[in-house]
2 protein chains.
Amino acid sequence: MNYGYMGKWLKVNLSSKEMSDFDFPEDLLRKFIGGKGLAVYYLWNYAKELEKKGVNIKEMDALSPDNILFFSTGPVTGTRSPNSGRHHVMALKSPLTGSIGSGNTGGTWGAKLKFAGYDGIVFEGKSDTPVYLSIIDGKPELHDASEIWGKNTMDTTKWLQEKHERKRAGVSCIGPAGENLVPCAVIMNEIHRAAGRTGLGAIMGSKNLKAIIVDGNAKPQIAKQEEFETKVKEHVEKLKENGVTGEGLPTYGTAVLVNIINQNGLFPTKNWQTGVDKEAENISGETLTEKYLISKHPCWGCVVACGRKTKVELGPYKISFTEGPEYEAIWALGGSTNVNNMGAVIRANHYCDIFGMDPISIGSTIAAAMELNEKGLIPEEDLQGLKVEFGNPDAIVELTWMAAFRQGLGYWIGEGSRKMCEHYGAPEISMSVKGLEMPAYDPRGAKGIGLNYATANRGGCHVTGYTIAAEVLGDVDRFTIEGKAELTKTFQDFTSIVNSCVNCLFLTFALGLDEYVEMIGPITGWDITADELLKTGERITNLERMILNKLGITGKDDTLPKRLLEEKMPEGASEGQIVELEPMKQEYYKLRGWEDGVPTPEKIKELELEI
Amino acid sequence: MNYGYMGKWLKVNLSSKEMSDFDFPEDLLRKFIGGKGLAVYYLWNYAKELEKKGVNIKEMDALSPDNILFFSTGPVTGTRSPNSGRHHVMALKSPLTGSIGSGNTGGTWGAKLKFAGYDGIVFEGKSDTPVYLSIIDGKPELHDASEIWGKNTMDTTKWLQEKHERKRAGVSCIGPAGENLVPCAVIMNEIHRAAGRTGLGAIMGSKNLKAIIVDGNAKPQIAKQEEFETKVKEHVEKLKENGVTGEGLPTYGTAVLVNIINQNGLFPTKNWQTGVDKEAENISGETLTEKYLISKHPCWGCVVACGRKTKVELGPYKISFTEGPEYEAIWALGGSTNVNNMGAVIRANHYCDIFGMDPISIGSTIAAAMELNEKGLIPEEDLQGLKVEFGNPDAIVELTWMAAFRQGLGYWIGEGSRKMCEHYGAPEISMSVKGLEMPAYDPRGAKGIGLNYATANRGGCHVTGYTIAAEVLGDVDRFTIEGKAELTKTFQDFTSIVNSCVNCLFLTFALGLDEYVEMIGPITGWDITADELLKTGERITNLERMILNKLGITGKDDTLPKRLLEEKMPEGASEGQIVELEPMKQEYYKLRGWEDGVPTPEKIKELELEI
């Protein structure tokens with residue numbers, strides 16, 4: 001028995017409807033842990049198989065039946081270790097970026113998949129009609145989904161839970177955006193939690209796979225129960241004592257960052273034209289808590305509870321209940337667009353949740369459309385009457401749902417900012433890296449996060465290496481480029497571990513590598529060390545990069561939008577700064593053992609990746 | 001040659017893709033004129049054919065390939081006779097009501113169809129993939145429509161005009177609502193004009209027919225050119241001199257009625273719970289003109305120009321251009337719902353136009369949902385956070401587009417009030433007749449219109465017999481039931497003529513039966529008299545009724561919602577009134593020569609309808 005795992009992964013061929021169980025040998029699990037790591041290993045081998053069959057994966061359409069989706073948990077998922085209800089989803093190729101597809105999500109679904117008896121599910125091929133998968137008490141079954149095709153995530157979840165008479169079952173599904181193959185579509189679970197980036201929802205839609213419902217009473221076994229429980233208690237204590245996980249996040253949710261980041265002058269505003277939003281207070285965590293909060297809503301096993309149940313009681317965007325928005329969504333929908341209207345942000349975020357879209361990419365692309373329009377680059381007839389202007393709350397609400405249903409300018413919003421800005425002849429206006437819209441920290445105010453955006457495998461991403469924890473929330477000088485290569489590398493590799501465990505990145509505010517050893521060791525029984533673990537994280541980061549190289553992505557793609565490299569931050573606490581990317585990047589490559597974004601044979605050998 | 005006609009009708013079998021021309025003998029044209037009359041004749045024969053094949057047309061699904069759509073012009077369409085850009089569309093069965101499908105629309109498409117060389121088009125069967133029809137310079141062709149399937153009416157129109165390099169071609173099409181088989185879907189032409197009732201758009205969607213683009217330079221011939229031109233001049237003069245067509249409608253559009261109808265206490269408010277809207281001024285024609293009007297936008301050949309180009313410059317529903325809303329849309333979306341917010345009404349009406357839905361049915365159904373919710377009959381989870389409450393502007397905007405895309409409660413809004421209220425267990429809350437939502441005049445304040453609603457063949461409809469012209473805008477006592485049977489019958493039969501000519505019902509404010517003789521005579525060369533013409537109108541009304549009888553609709557369906565028959569108007573200038581329907585209805589049947597809603601054999605014989 002592999003402790004911490006159910007020992008069973010499910011492969012579903014949606015074309016033939018064949019399903020089979022498979023497993024991984026223990027040494028392989030130790031090399032890749034689970035979650036993202038194991039998915040990357042699987043994708044690597046799958047990519048090689050495709051190449052053997054003569055498929056050109058550089059040219060492959062991300063929505064072709066040849067793409068695959070891997071839903072994955074890890075040894076920590078579903079245990080009593082804190083914040084372990086999460087799972088990771090990966091695809092060989094993203095329809096939004098053309099790079100790898102990858103998303104990590106909270107909620108309860110990950111834990112419930114384990115309770116249903118499985119560690120992960122791989123979907124291959126494409127069903128010719130809409131289907132959904134149920135795994136109840138260890139038994140996987142495919143069902144006709146024509147009755148829920150078209151329904152939003154709320155209706156879909158309710159329908160499936162009623163149909164299977166399991167009111168607390170986990171439901172992972174796509175909304176209309178995924179069905180409509182919107183490149184910004186996500187996979188939602190528990191209605192409001194998202195495997196939220198790189199367009200995974202469109203891949204699910206392309207396979208005619210509407211949902212996966214999971215439930216059961218199975219439990220992953222723990223190798224050293226007593227030691228595990230002692231460590232769980234210690235870890236919970238540390239999380240409660242920490243200022244971020246014990247106070248900031250529980251009290252204000254992730255939106256606690258709005259004021260902090262804005263005061264530091266790196267809150268990207270008006271599509272990154274500045275880093276200061278003069279009315280950010282209106283969309284801050286403090287305002288959210290005071291005027292819109294119903295209650296907290298933690299994920300499974302969470303001791304932080306950053307999740308928010310919210311409502312809008314006044315103004316034009318009244319809504320009696322929804323969840324969120326998270327910091328990133330608030331920023332993208334309300335900050336980058338300069339809207340600063342919490343009601344509109346909550347409504348637009350609600351539509352992202354129920355129609356299944358990524359609020360970061362959607363909000364950022366709306367902001368880019370506003371800048372395109374400000375510069376007179378969108379023909380009036382394309383606007384169809386809508387006032388696509390910075391500060392117009394209505395524009396974010398309408399363009400969000402219009403993206404899900406591919407209507408009017410919403411078609412381009414759903415395509416993401418890179419394709420939209422290319423279409424309107426101004427690619428430089430897209431604030432994205434590798435086609436993925438960057439999140440809510442202007443790297444001119446924190447250089448390390450700039451290096452991370454440039455080098456993160458999935459594109460402009462903060463949760464690949466969240467150096468903000470050190471640069472803004474910690475003591476590291478945010479403006480220097482000294483030491484940022486090592487900082488970024490360490491954060492990235494450590495995050496690869498977290499995403500492979502799978503648990504919550506927020507734990508890392510309070511728990512370090514040693515505590516991760518204290519989790520994984522007792523659960524699996526492995527005599528693992530901090531060094532081995534960090535090496536494992538590095539291995540996962542590198543193998544993911546090797547897949548990127550197969551997709552044609554190299555050093556040329558490890559860059560940032562011109563605005564961040566050349567235009568000085570015009571005002572605020574980061575005034576006058578640009579990102580001096582090149583020296584950081586070269587140092588980073590050296591530390592990584594990469595040449596122009598490609599791991600060297602020596603590095604590959606060192607990491608035992610000659611596979 | 002049949003003067004006033006092109007002499008060619010097109011039959012398109014969408015299943016086999018076969019197309020053929022056909023025509024009608026002149027005696028038949030004289031018996032049914034054109035437009036609605038000819039369509040009714042065609043439908044009658046088609047229904048008999050179906051019956052011979054063993055199809056049970058009472059049970060037939062309106063969205064089955066057995067249903068047909070007839071786009072029809074008449075002898076006046078496309079001539080220089082005023083306001084003759086219109087056409088009529090009919091179907092054997094409506095997906096909204098189960099009764100006959102029928103809609104009349106303005107714009108230019110009707111005239112352009114003639115210029116393209118055809119008088120009408122019948123669509124049979126169902127294409128297995130999306131197609132559109134072009135008729136350019138007499139040549140009909142079917143084309144793949146997969147590139148425009150999903151597009152709204154603006155994008156569809158633009159795409160087709162560019163594709164065919166005919167920027168001024170007429171485009172009749174469905175939006176997403178029709179594609180999504182929403183029973184309240186309409187067929188739109190010139191983006192903002194609608195064959196707007198009984199769900200014709202869903203029938204077009206069920207046939208996978210996206211659009212019909214028409215253009216050309218052909219012209220219907222006039223039998224007596226000189227006489228025709230003299231009469232045209234006289235008619236134009238009369239229209240200009242008339243208070244309604246020469247002043248009220250041109251100045252304020254149809255919305256001129258808001259204040260008039262409200263002051264008379266028959267402006268249905270809060271789903272017909274009262275006839276007085278205390279804030280109607282906010283959504284009046286005067287307010288529309290003062291704050292929202294860009295310019296007038298007449299239909300082809302129109303001397304009235306009630307059409308409005310509008311914008312919203314302030315508040316949350318900003319839009320830089322759209323058209324409308326008409327009186328009925330303002331009332332349904334903004335009066336019946338008690339919203340009284342012109343910005344929200346304009347936005348919701350815009351969504352009806354670009355997604356292709358009937359604002360009367362949509363607005364009325366939203367109002368019914370508000371009453372259901374007020375009475376606690378909609379489970380909270382069905383609301384998905386939306387505040388479905390009288391007076392909430394946001395509810396009308398959101399529920400309108402949600403109806404088009406079948407999302408959440410929008411699913412039921414799109415189904416219409418009858419099905420929705422049955423679903424929520426309160427059928428009496430649906431303010432509809434024969435399943436069609438009634439328009440903007442509470443018959444407790446004008447008894448004749450109540451009789452018309454009850455007996456109009458297509459259901460709760462004002463433009464089948466607009467007795468308001470006499471009862472509120474004219475001198476006839478609106479509260480008496482005396483003489484209302486005859487008034488209604490005359491209005492209905494006269495309207496059948498107008499809709500068969502085809503031209504605009506508004507002409508009848510200024511032009512009577514004699515003027516219609518003066519139009520039709522010179523155009524066709526027929527020595528037609530007023531008596532023959534009125535008899536023709538009666539013939540058309542009766543044959544349409546005979547189709548209804550085949551569909552199982554009889555006297556039991558000629559009724560009104562209980563609220564109008566039993567609840568006294570609670571306030572205002574119509575306070576204390578109910579509709580004394582039964583005596584009017586019996587008198588009407590007697591005048592009509594009907595028994596319990598069914599034409600007697602004697603009447604059928606008299607009207608030469610033994611066909």
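Are Phe71(A) and Phe123(A) buried or exposed? Select the two rings and find out: both Phe71(A) and Phe123(A) are buried. Keep in mind as you go that this is a predicted model.

**Stop 1: aromatic pairs in chain A**

Stay with these two rings for a moment. A pair of aromatic rings is described by the distance of the centres and the angle of the planes. For Phe71(A) and Phe123(A), the centres are 5.7 Å apart and the planes stand at 85°, so the pair is edge-to-face. Colour the chain by secondary structure and you will see Phe71(A) in strand S3 (residues 69-72) and Phe123(A) in strand S6, so the contact links distant parts of chain A, 52 residues apart.

Next, select Phe355(A) and Phe405(A). Here is another edge-to-face pair, with 5.1 Å from centre to centre and 70° between the planes. Phe355(A) belongs to helix H12 (residues 342-355) of chain A, while Phe405(A) sits in the loop between helix H15 (393-404) and helix H16 (410-415), 50 residues apart. Phe355(A) and Phe405(A) are both buried.

For a wider view, show the side chains of Tyr5(A), Trp9(A), Phe22(A), Phe24(A), Phe32(A), Tyr41(A), Tyr42(A) and Phe70(A), which form one aromatic cluster. Over all chains, a search of the whole structure finds 58 aromatic pairs.

**Stop 2: a lysine over a tryptophan**

Now pick Trp44(A) and Lys550(A). The charged end of Lys550(A) sits over the ring of Trp44(A), 4.7 Å from the ring centre. Then move to chain B and select Trp44(B): the charged end of Lys550(B) sits over that ring, 4.7 Å from its centre.

**Stop 3: salt bridges within the chains**

How many salt bridges does the structure hold over all chains? There are 84, and a few are worth selecting one by one.

Begin with Lys17(A) and Asp128(A), whose closest N and O atoms are 3.8 Å apart in a salt bridge. Lys17(A) lies in the loop between strand S1 (9-13) and strand S2 (18-22) of chain A, and Asp128(A) in the loop between strand S6 (120-124) and strand S7 (131-136), so the pair ties together parts that are 111 residues apart in sequence. Turn on the surface to compare the partners: Lys17(A) is partly exposed, with a relative accessible area of 32%, and Asp128(A) is exposed, at 68%.

Go on to Glu179(A) and Lys210(A), a salt bridge with its closest N and O atoms 2.6 Å apart. Glu179(A) is in helix H5 (residues 176-179) and Lys210(A) in strand S12 (residues 209-215) of chain A, 31 residues apart. Both Glu179(A) and Lys210(A) are buried.

In chain B, select Glu580(B) and Lys447(B), which meet in a salt bridge of 3.1 Å, N to O. Glu580(B) is in the loop between helix H23 (562-566) and helix H24 (581-592) of chain B and Lys447(B) is in helix H18 (residues 447-455), so this pair ties together parts that are 133 residues apart in sequence. Glu580(B) counts as partly exposed at 30% relative accessibility, whereas Lys447(B) counts as buried at 0%.

Back in chain A, highlight Lys489(A), Asp493(A), Lys535(A), Glu538(A), Arg592(A), Lys603(A) and Glu606(A): salt bridges that share partners join these residues into one network.

**Stop 4: where the chains meet**

Zoom out and show both chains. The contact takes 34 residues from chain B and 35 residues from chain A. About 2,800 Å² is buried between the two chains, with carbon and sulfur atoms giving 49% of that area. On the chain B side, select Gln384(B), Trp401(B) and Gln407(B), which supply 21% of the area that chain B buries against chain A, more than any other three residues.

How many salt bridges does the rule find across the interface of chain B and chain A? It finds eight. To view a salt bridge between the chains, select Lys158(B) and Glu381(A), which meet at 3.4 Å, N to O. The count of residue pairs in polar contact between chain B and chain A is 18.

Which element supplies the largest share of the side of chain B that touches chain A? H12(B) does, with five residues.

**Last stop: Glu323(B)**

Finish in strand S15 of chain B, where Glu323(B) is found. Glu323(B) counts as buried, at 10% relative accessibility. A polar contact of 3.3 Å joins the side chains of Glu323(B) and Arg193(B). Beyond its neighbours within four places in sequence, Glu323(B) is in contact with residues including His192(B), His297(B), Arg308(B) and Asp353(B).

Terms used. Residues are numbered from 1 along each chain as its sequence is written. Chains are lettered from A and ligands numbered from 1 in the order in which they are written. This is a predicted model: local features need pLDDT of at least 70, side-chain atom pairs count only at pLDDT 80 or more; totals for chains, interfaces and linings use all residues. Side-chain values use heavy atoms; hydrogens and water are left out. A salt bridge is a side-chain nitrogen of Lys or Arg within 4 Å of a carboxyl oxygen of Asp or Glu. Helices (H or I, at least four residues) and strands (E, at least two) are DSSP runs, numbered from the N terminus. Buried means under 20% relative accessible area, exposed over 50%, partly exposed in between (1.4 Å probe, protein chains only). Rings of Phe, Tyr and Trp (its six-membered ring) pair if their centres lie within 6.5 Å; planes under 30 degrees apart count as stacked, over 60 as edge-to-face and the rest as tilted. A charge sits over a ring if NZ of Lys or CZ of Arg is within 6 Å of the ring centre and within 35 degrees of the ring normal. Contact means heavy atoms within 4.5 Å. Buried area is the accessible area (1.4 Å probe) that two parts lose on being put together, summed over both. A polar contact is a pair of N or O atoms within 3.5 Å; within protein, one must be able to donate a hydrogen and the other to accept it, and residues adjacent in sequence count only if both atoms are side-chain atoms.
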